[in-house]
Amino acid sequence: MEQNRDLHWIKALVVKAQEKLNANSGKVGVVRSNLTLMIKMVGDVARGRFKLPAKTVMSLIGGLIYFVNPADFIPDFIFTLGYLDDIAVIQWIYSRLKDDFKRYEASVKK
């Protein structure tokens, strides 16, 4: 039962992240593709379609939580600066987990 609740929460996070990305795509332009891929990866992990080490999953979830939180290090409401920290976090996670992202992309293409 606990696992189902966790999966529901993760799926809700994926939906919230996708909605925020859709509403603010121009503000995260340089990492839009990486963020889109991150959202899809977490969704597929939650659905059991793709396996990743727990540490990797936690990093991805942490990045999505940071992205959806409007009151992070630089609050999103600060014009032009509000998404800089989000971009930096997404890019840092992507560069750190690049091999996992490539493996996921390859599995999706099959």
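Here is a short conversation about a predicted model.

Colleague: Let's start with helix H2. How many of its 15 residues are buried?

Modeller: Helix H2 covers residues 32-46. Among its buried residues are Leu-35, Leu-37, Ile-39 and Val-42, along with Asn-34 and Asp-44. The helix is mostly covered, and the number of buried residues is eleven.

Colleague: And how far does H2 reach from its first C-alpha to its last?

Modeller: H2 has 15 residues, and 1.5 Å a residue is the basis for its expected span. The reach in the model is close to that expectation, at 21 Å.

Colleague: Which residue with a positive phi follows H2?

Modeller: Its phi is near 80 degrees. The residue is Gly-48.

Colleague: Now to Leu-81. Is it buried, partly exposed or exposed?

Modeller: Leu-81 sits in the loop between helix H3 (54-68) and helix H4 (84-96). Together with Phe-77, Ile-78 and Leu-84, Leu-81 forms a nonpolar surface patch with about 410 Å² of accessible area. Its relative accessible area is 43%. Buried means under 20% and exposed means over 50%, so Leu-81 is partly exposed.

Colleague: Which residues does Trp-9 touch, leaving out those up to four places away in sequence?

Modeller: Trp-9 belongs to helix H1 (residues 2-23). With 47% relative accessibility, Trp-9 counts as partly exposed. Its contacts beyond those sequence neighbours are Ile-61 and Ile-65.

Colleague: What separation lies between the C-alpha atoms of Trp-9 and Ser-107?

Modeller: Along the chain, Trp-9 and Ser-107 are 98 residues apart. In space, their C-alpha atoms are separated by 25 Å.

Terms used: Residues numbered from 1 in each chain as written. Predicted model: local features only at pLDDT ≥ 70, side-chain atom pairs only at ≥ 80, totals over all residues. Heavy atoms only, no water. Helix = DSSP H or I, 4+ residues; strand = E, 2+ residues; numbered from the N terminus. Expected span 1.5 Å × (residues − 1). Buried < 20%, exposed > 50% of the residue type's maximum accessible area, 1.4 Å probe, protein only. Patch = residues over 30% accessible without salt bridge, like charges linked within 9 Å, V, L, I, M, F, W, Y side chains within 5 Å. Areas by Shrake-Rupley, 256 points an atom, 1.4 Å probe, with all protein chains shown as cover. Salt bridge = Lys/Arg side-chain N within 4 Å of Asp/Glu carboxyl O. Contact = heavy atoms within 4.5 Å.
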